[in-house]
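Keep the model open while you read this report. It moves from hollow spaces to helices, then to the core and the backbone.

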Amino acid sequence: MDAPVDIAQPEIPASGHSPTLKEVAAMSGVAASTASRALTQPGRVSRATLERVREAAEQLGYIASGRARQPQPIRAGAVAVLVPDITNPYFFDVIRSTQHQLKAAGYRQMLVDTEEDIDLEASYLDEFRSSVVGFVLVAARLGDDQLVAAAAKTPLVTINRDTPGVPTVVINTPEGVQQAVEHLFSLGHRDIAYIAGPPTSWSDSRRWVVMESAAEQLGITVRRLGPYHPSRRSGPAAADALLNSGSTACIAFNDLVAIGILARLSERGIDVPGELSVVGCDDIFGADFCNPPLTTITAPIEQAGRVATDLLISRLRVDASQSRTQVVLPTHLTMRASTGLAPSTDPQR
């Protein structure tokens, strides 16, 4: 008769010893913080990690808060996507792409309109922190210190806002602005106005810096008009200021302002591009339906939403130190009929 064979059994803690989270982490080969997330917020770790941690907890008989940890279905939770103006067509592609990416990963999207209000943006970050697992902030208006503090409390990714220590996706519109200035210069324009956006906009200040640099390189004049609210209703005032400035061309903060400018110039009988050339930014839906169709800086808006969502999900499910912190997406100038040769000197202008 064969001798009995000893079968190894999982090591059971000695009587009186309560297994600790560190022991669960050691057995599953992860950090204690990762083990904690797996047992309390399973949607924030990968499925493989979740299974390892749960198996270790079960073998050790790990108990927390007076209850044995039992396997639970993955509940990824919600991600809040904050945009400055939900009515701005620029954000439509961002909203759609983030929603698709989140849904595919098992998350829900909470859409929040901050109404171009810094205080409202800050209050929403505080209010929703306990209800969501992370944030995507599009064109955040908060200061760097506020963003860093918010990111330290809840996983957060920004779009079009480069703040040290905060993961971001940057759409390189200054690259497109450089192309726009060179395009207008090639058409003979030597006095170009920049129709500025919100003073709290990070993108706005970067574009103006590029315009000043390009003007110095080319030996031309650039002037800053505004700031203006980034909506179509700002167009009339911006157009009137443009006519009084002496510039023969302008680059607007966004397409909505540029479209408003075109409408006002048409009302005043100003020929575009015969008398004035107009360039927008973003290439939103409808920019090519204007009269005339709008020359504009084309931005990969939908791609920015997808990449930002991927960055956030990576931080939720993987060690943040291993996740990418910045992605820069290129832009380019799309030329249409709203730009043309600079007018000859007119004594009435």
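A cavity is a set of grid points where a 1.4 Å probe fits but cannot get out, and its lining residues have an atom within 4 Å of a point. Keep in mind that this is a predicted model.

## Cavities

How many cavities of 30 Å³ or more does the count give? It comes to 2. The largest cavity has a volume of about 180 Å³. Its lining holds 16 residues. Tyr90, Phe91, Ala139, Arg141 and Phe253 lie nearest the centre of this cavity. Two elements, α4 (90–104) and α8 (202–218), give two or more residues to the lining. The most comes from α8, with 3 residues.

The second largest cavity has a volume of about 30 Å³. Its lining is made up of Leu82, Val83, Pro84, Thr114, Glu121, Leu137, Val138, Ala139 and Ala140. Here the elements that give two or more residues are β3 (78–83) and β5 (134–138).

The table sets out the two linings by residue type.

| Cavity | Nonpolar | Polar | Charged |
|---|---|---|---|
| Largest cavity | 7 residues | 5 residues | 4 residues |
| Second largest cavity | 7 residues | 1 residue | 1 residue |

## Helix α7

Now turn to helix α7, residues 173–186. Does its length fit what a helix should span, and what are the values? At 1.5 Å a residue, its 14 residues should span 20 Å, and the end C-alpha atoms are 20 Å apart, so the two agree.

Several residues of α7 are buried, among them Val177, Ala180, Val181 and Leu184. An α-helix has 3.6 residues a turn, so residues three or four places apart point the same way.

Compare two residues of this helix. His183 lies in α7. Is His183 buried or exposed? His183 counts as buried because its relative accessibility is 11%, and the cut-off for buried is under 20%. Beyond its neighbours within four places in sequence, His183 is in contact with Leu333, Met335 and Thr339.

Phe185 also sits in α7. Phe185 has 25% relative accessibility, so it counts as partly exposed. Leaving out residues up to four places away in sequence, Phe185 touches Arg190, Leu218 and Ile220. Phe185 and Ala342 are 157 residues apart in sequence, yet their C-alpha atoms are 8.9 Å apart in space.

After α7 comes Gly188, with a positive phi near 95°.

## Helix α8

The next helix, α8, has 17 residues. At 1.5 Å a residue, α8 should span 24 Å, and its end C-alpha atoms are 25 Å apart, which agrees.

Which residues of α8 are buried? They are Trp202, Ser203, Asp204, Arg207, Trp208, Val210, Met211, Ala214 and Ala215. The cover over these buried residues includes helix α7 and the strands β7 (168–171), β8 (191–195), β9 (221–225), β10 (249–252) and β11 (277–282).

## Nonpolar cores

In soluble globular proteins, nonpolar side chains tend to be buried together. The largest nonpolar core here has 52 residues. Of these, Ile195, Ile261, Leu265 and Val278 touch the most other members. Take Ile261. Not counting residues up to four places away in sequence, Ile261 touches Ile195, Gly235, Ala238, Ala239, Leu242, Cys250 and Val278. Another core, of 21 residues, lies apart from the largest one. Its members include Ile192, Val210, Ala215 and Leu333.

## Backbone exceptions

Most residues other than glycine have a negative phi, and most peptide bonds are trans. Some places in this model depart from that pattern.

Start with the peptide bonds. A cis bond joins Gly226 and Pro227, with omega about 15°. Pro227 is in the loop between β9 and α9 (235–245). The bond from Asn291 to Pro292 is also cis, with omega near 0°. Pro292 belongs to the loop between β11 and β12 (295–298).

Then look at phi. Glu115 is not a glycine, yet it has a positive phi of about 60°. Glu115 lies in the loop between β4 (108–113) and α5 (118–128). At 54% relative accessibility, Glu115 counts as exposed. Asp283 is not a glycine either, and its phi is positive, about 60°. Asp283 is found in the loop between β11 and β12. With a relative accessible area of 21%, Asp283 is partly exposed.

Methods. Residues are numbered from 1 along each chain as its sequence is written. This is a predicted model: local features need pLDDT of at least 70, side-chain atom pairs count only at pLDDT 80 or more; totals for chains, interfaces and linings use all residues. Side-chain values use heavy atoms; hydrogens and water are left out. Helices (H or I, at least four residues) and strands (E, at least two) are DSSP runs, numbered from the N terminus. The expected span of a helix is 1.5 Å times one less than its number of residues. Buried means under 20% relative accessible area, exposed over 50%, partly exposed in between (1.4 Å probe, protein chains only). A nonpolar core is a set of buried Ala, Val, Leu, Ile, Met, Phe, Trp, Tyr and Cys residues joined through side-chain atoms within 4.5 Å. Contact means heavy atoms within 4.5 Å. On a 1 Å grid over the protein atoms alone, a cavity is a set of points where a 1.4 Å probe fits but cannot get out, and a pocket is an open set with protein on both sides within 12 Å along at least five of seven lines; lining residues have an atom within 4 Å of a point. Grid points are joined across faces, edges and corners, and a volume is the space filled by probe spheres set on the points. Ala, Val, Leu, Ile, Met, Phe, Trp, Tyr, Cys and Pro count as nonpolar, Asp, Glu, Lys and Arg as charged, and the others, Gly among them, as polar.
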